[in-house]
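Work through the exercises below with the model open beside you. Each task is followed by a stepwise solution.

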Amino acid sequence: MNEIKLGLISLDTSHVIAFSQLLNHKDHAYHVPGAKVVVGYPGGSADMHSSYSRVEGYTNDLRDNFGVTIVDSPEAVAEQCDAILLESVDGRAHLELFRKIAPYGKPVFVDKPFAITSADAQAIVELAREHKVTLMSSSSLRYAAGLTEVLEKAKEEDGAIIGVDCYGPTPLEEVMPGLFTYGIHAVEMLYSVMGPGCVEVSTRSNADYDLAVGIWKDGRVGTVRGNRKGNFRFGAVIHREKSTQFADVSAHPKPFYAGLLEQVITMFQTGIEPINIEETLELIRFIEASNESALTGQTVRL
């Protein structure tokens with residue numbers, strides 16, 4: 001197949017460099033073939049320090065070390081590529097950026113978080129349907145080898161999954177509250193194991209930790225523990241009918257991003273979305289409800 005020309009929109013996250021290394025450097029130990037980053041739009045959010053403070057450095061790196069053409073608008077990116085990686089670290093920006101590129105009808109991967117409100121998430125999906133855009137959003141942790149390999153190695157005699165306890169770091173960002181910023185990684189692991197179907201969530205939070213407990217419609221329970229103190233590793237304890245497996249996700253040598261990009265590039269090649277977009281909408285609602293529960297102390301229905 002011809003190599004897919006990729007465009008990056010918003011160069012304010014380390015993902016743009018990590019992705020370009022895996023895609024453009026064929027000598028990388030975990031090189032992901034089939035696509036190359038060729039064009040980018042700097043973007044950035046003026047009211048978010050972790051966004052605007054990094055745009056210049058990443059833009060220069062991509063231009064000088066990866067040969068990426070830098071353009072002055074999202075539309076210019078869409079015109080010069082075959083598929084788009086919408087990378088803004090600021091989830092608030094995703095709807096407006098997507099609105100500008102959706103009319104081009106090119107496949108789009110939206111980096112985490114897909115959106116930070118259910119309303120924005122639904123609006124993105126409606127635009128994608130209107131313009132027939134193949135669409136995917138995911139955290140890299142959903143496809144981390146340390147998790148997927150444990151799931152794949154389960155035996156029939158272990159029985160069905162009855163629950164999971166996921167954990168990971170959850171530093172906070174004022175403009176993207178609660179689990180939306182980094183806690184979404186552990187939530188993606190939760191949904192990778194449990195699938196959709198959560199009906200309610202109850203979350204307790206203090207300065208150092210978050211604990212979100214989700215109840216699925218079939219009675220299964222899944223939890224997310226977010227740490228702002230202690231170790232900052234990712235992992236999960238997967239409970240089955242007759243066994244329990246531990247996934248030390250951070251211990252695996254394969255980069256998280258490699259597993260994600262394998263899925264993204266396959267989608268760009270085939271036009272088949274690997275995640276049902278309704279699950280992505282539920283995941284955003286899970287975090288929204290979790291944040292509400294953390295504030296009120298009440299259980300919140302999805």
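Buried means under 20% relative accessible area, exposed means over 50%, and partly exposed lies in between (1.4 Å probe, protein chains only). Helices (H or I, at least four residues) and strands (E, at least two) are DSSP runs, numbered from the N terminus. This is a predicted model: local features need pLDDT of at least 70, side-chain atom pairs count only at pLDDT 80 or more, and totals for chains, interfaces and linings use all residues. Residues are numbered from 1 along each chain as its sequence is written, and side-chain values use heavy atoms, with hydrogens and water left out.

**Exercise 1. Helix α7**

Task: List the buried residues of α7 and state how enclosed the helix is.

Solution.
Step 1. Locate the helix: α7 spans 184-194.
Step 2. List its buried residues: Ile 184, His 185, Ala 186, Val 187, Glu 188, Met 189, Leu 190, Tyr 191, Val 193 and Met 194.
Step 3. Conclude. Of the 11 residues of α7, 10 are buried, so the helix is largely enclosed by the rest of the structure.
Step 4. Look just past the end of α7. Gly 195 takes a positive phi there, about 75°.

**Exercise 2. The whole chain**

Task: Describe the fold content and overall dimensions of the protein chain.

Solution.
Step 1. Count the elements: the protein chain has nine helices and 13 strands.
Step 2. Test compactness. The radius of gyration is taken over C-alpha atoms, and the globule rule is 2.2 Å times the number of residues to the power 0.38. The protein chain has a radius of gyration of 19 Å, close to the 19 Å from the rule for 302 residues, so it is as compact as a globular protein of that length.
Step 3. Box it. Along the principal axes, the C-alpha atoms fill roughly 50 × 40 × 40 Å.
Step 4. Check burial: 55% of the 302 residues count as buried.
Step 5. Check contacts (heavy atoms within 4.5 Å). Of those with a separation of 6 or more, 73% come from residues 24 or more positions apart.

**Exercise 3. Two helices and their buried residues**

Task: Identify the buried residues of α4 and α6, and say where those of α6 pack.

Solution.
Step 1. Take α4, residues 94-101. His 94, Leu 95, Leu 97, Phe 98 and Ile 101 are buried.
Step 2. Look down the axis. These residues cover an arc of only 165° (directions from the helix axis to the C-beta atoms), which puts them on the same side of α4.
Step 3. Recall the geometry. An α-helix has 3.6 residues a turn, so residues three or four places apart point the same way.
Step 4. Take α6, residues 145-153. Its buried residues are Ala 145, Gly 146, Leu 147 and Val 150.
Step 5. Find their partners: the buried residues of α6 pack against α7, β11 (235-240) and β12 (244-247).

**Exercise 4. Backbone exceptions**

Task: Which peptide bond is cis, and where do Ser 10 and Lys 132 lie?

Solution.
Step 1. The cis bond joins Lys 112 and Pro 113, with omega about -10°. Pro 113 sits in the loop between β5 (108-111) and α5 (118-131).
Step 2. Ser 10 lies in the loop between β1 (4-9) and α1. Its phi is near 80°, positive in a residue other than glycine. Ser 10 counts as buried at 2% relative accessibility.
Step 3. Lys 132 lies in the loop between α5 and β6 (135-138). Its phi is near 55°, also a positive value in a non-glycine residue. Lys 132 is exposed, at 71% relative accessible area.

**Exercise 5. Long-range partners**

Task: For Pro 177, Tyr 143 and Ser 20, give the location and the contacts beyond four places in sequence.

Solution.
Step 1. Pro 177 is in the loop between β7 (161-169) and α7. It is partly exposed, at 38% relative accessibility. Its contacts are Ile 116 and Asn 291. Pro 177 and Asn 291 are 114 residues apart in sequence, yet 7.3 Å apart C-alpha to C-alpha.
Step 2. Tyr 143 is in the loop between β6 and α6. It is buried, at 15%. Its contacts include Met 136, Thr 148, Gln 263 and Pro 274. Tyr 143 and Gln 263 are 120 residues apart in sequence and 8.2 Å apart C-alpha to C-alpha.
Step 3. Ser 20 is in α1, residues 15-24. Its relative accessible area is 0%, so Ser 20 is buried. It touches Leu 8, His 25, Val 37, Leu 62 and Phe 66.
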